Amino acid sequence: ALLPFVFLGGALRVVEDVTDAAADPLIGYPLNTLLISPVIYFTVFGITLAAVVASAALADRNVVGDYTRLLLGSGVAVLAATLLFLLWSAVAADGPGTFYPQVIVVILVGSTASAVGAWWLVERVAPAVNAGTGRMGFVVVWGHAVDGVANVVGLDWMPTLGAGANLVPKHPVNAAVVDITGAVLPSSVLAVTGDTWPFLIVKLAAATFVIWVFEPDLLEESPRYSILLLIAVLAVGLGPGTRDVLRATFGV
């Protein structure tokens with residue numbers, strides 16, 4: 001039920017990217033600060049908290065049966081409205097964005113393949129790593145793979161996909177990886193591989209490490225608390241990953 005709000009954070013950040021790219025920004029200062037880090041974390045938290053409280057209150061009054069269904073529905077509704085705005089910005093005659101559907105397809109296929117490959121490798125070499133999380137661990141790895149692949153595609157392969165110029169990294173970690181890779185590898189290798197692919201390896205390794213240190217008994221003893229912890233870990237990857245996917249998809 002909380003998953004749509006994880007996507008919402010990244011999508012709202014791209015709303016600011018899109019409006020900032022317009023000749024006449026639709027959301028100007030000071031309102032746009034609600035969609036810029038670090039304030040956006042409080043914005044998304046406020047929206048999520050309001051949805052949780054409202055859903056639980058209606059369930060307590062027997063207006064709805066299961067509050068999680070209403071929570072899920074409200075998250076999907078807000079996320080859908082945000083995505084429709086982004087789509088409008090791409091298809092409108094004077095909109096600042098451009099829609100590249102091939103980009104999101106390549107990212108989703110690449111991230112899923114990367115996550116499956118990493119999960120298969122761990123299961124074959126060190127299955128104890130996944131003992132504490134089970135299949136939820138795969139979801140965490142996939143969320144971080146989305147962030148990694150989105151950066152690789154957005155920063156290195158946009159022209160190859162016919163999606164305009166490569167994007168510029170907007171996160172210091174991404175920029176640092178690009179700088180280090182560019183300094184270490186020869187230009188002949190970079191011309192073939194690009195300089196962002198180590199970021200994907202870092203993301204996969206970090207996600208695998210987190211699920212490895214997750215206590216095997218915690219999920220059985222405190223399932224709801226454990227799921228919330230895993231959602232938080234997922235959000236760290238899937239939140240910025242959503243932004244990177246949508247930035248590349250809409251060319252901003």
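In which helix does Leu-87 lie? Leu-87 lies in helix H3; point 3 returns to this residue. The model discussed here is a predicted one.

1. Overall fold. The protein chain has 10 helices and zero strands. Read along the sequence, its pattern is α-α-α-α-α-α-α-α-α-α. The radius of gyration is 19 Å, close to the 18 Å that the globule rule gives for 252 residues, so the protein chain is as compact as a globular protein of that length. The C-alpha trace spans about 65 × 55 × 30 Å along its principal axes. Of the 252 residues, 40% count as buried.

2. Ala-81. This residue is found in helix H3, which covers residues 67-91. Ala-81 has a relative accessible area of 47% and is partly exposed, because that value falls between the 20% limit for buried and the 50% limit for exposed. Its C-alpha atom is separated by 10.0 Å from that of Leu-8, although the two residues are 73 residues apart along the chain.

3. Nonpolar surface patch. Leu-84, Leu-87, Val-91 and Phe-99 form a nonpolar patch on the surface. Together these four residues have about 370 Å² of accessible area. Leu-87, in helix H3, counts as partly exposed at 33% relative accessibility.

4. Negative surface patch. Glu-215, Asp-217, Glu-220 and Glu-221 make up a negative patch on the surface. Glu-221 lies in helix H9, residues 218-221. With 63% relative accessibility, Glu-221 counts as exposed, since exposed means over 50%.

5. Salt bridges, helix H1. The structure holds four salt bridges. One of them joins Glu-16 to Arg-13, with the closest N and O atoms 3.0 Å apart. Both residues lie in helix H1 (residues 3-21), and their spacing of three residues is about one turn of the helix. Glu-16 counts as buried at 7% relative accessibility, and Arg-13 counts as buried at 13%. Both values qualify because buried means under 20%.

6. Salt bridge between helices H1 and H10. Asp-17 forms a salt bridge with Arg-243, the closest N and O atoms being 3.0 Å apart. Asp-17 lies in helix H1 and Arg-243 in helix H10 (residues 223-250), so this pair ties together parts that are 226 residues apart in sequence. Asp-17 and Arg-243 are both buried.

7. Salt bridge between helices H5 and H8. Asp-147 pairs with Lys-203 in a salt bridge whose closest N and O atoms are 3.2 Å apart. This pair links distant parts of the chain: Asp-147 is in helix H5 (residues 135-156) and Lys-203 is in helix H8 (residues 197-213), 56 residues apart. Asp-147 is buried, with a relative accessible area of 4%. Lys-203 also counts as buried, at 10% relative accessibility.

8. Salt-bridge network. Arg-13, Glu-16, Asp-17 and Arg-243 are joined into one network by salt bridges that share partners. The pairs named in points 5 and 6 belong here: Glu-16 with Arg-13, and Asp-17 with Arg-243. Within this network, Glu-16 is buried, Arg-13 is buried, and so are Asp-17 and Arg-243.

Key
Residues numbered from 1 in each chain as written. Predicted model: local features only at pLDDT ≥ 70, side-chain atom pairs only at ≥ 80, totals over all residues. Heavy atoms only, no water. Patch = residues over 30% accessible without salt bridge, like charges linked within 9 Å, V, L, I, M, F, W, Y side chains within 5 Å. Areas by Shrake-Rupley, 256 points an atom, 1.4 Å probe, with all protein chains shown as cover. Salt bridge = Lys/Arg side-chain N within 4 Å of Asp/Glu carboxyl O. Lys, Arg positive; Asp, Glu negative; His and termini not counted. Charge placed at Lys NZ, Arg CZ, Asp CG, Glu CD. Helix = DSSP H or I, 4+ residues; strand = E, 2+ residues; numbered from the N terminus. Buried < 20%, exposed > 50% of the residue type's maximum accessible area, 1.4 Å probe, protein only. Rg over C-alpha atoms; globule rule 2.2 N^0.38 Å.
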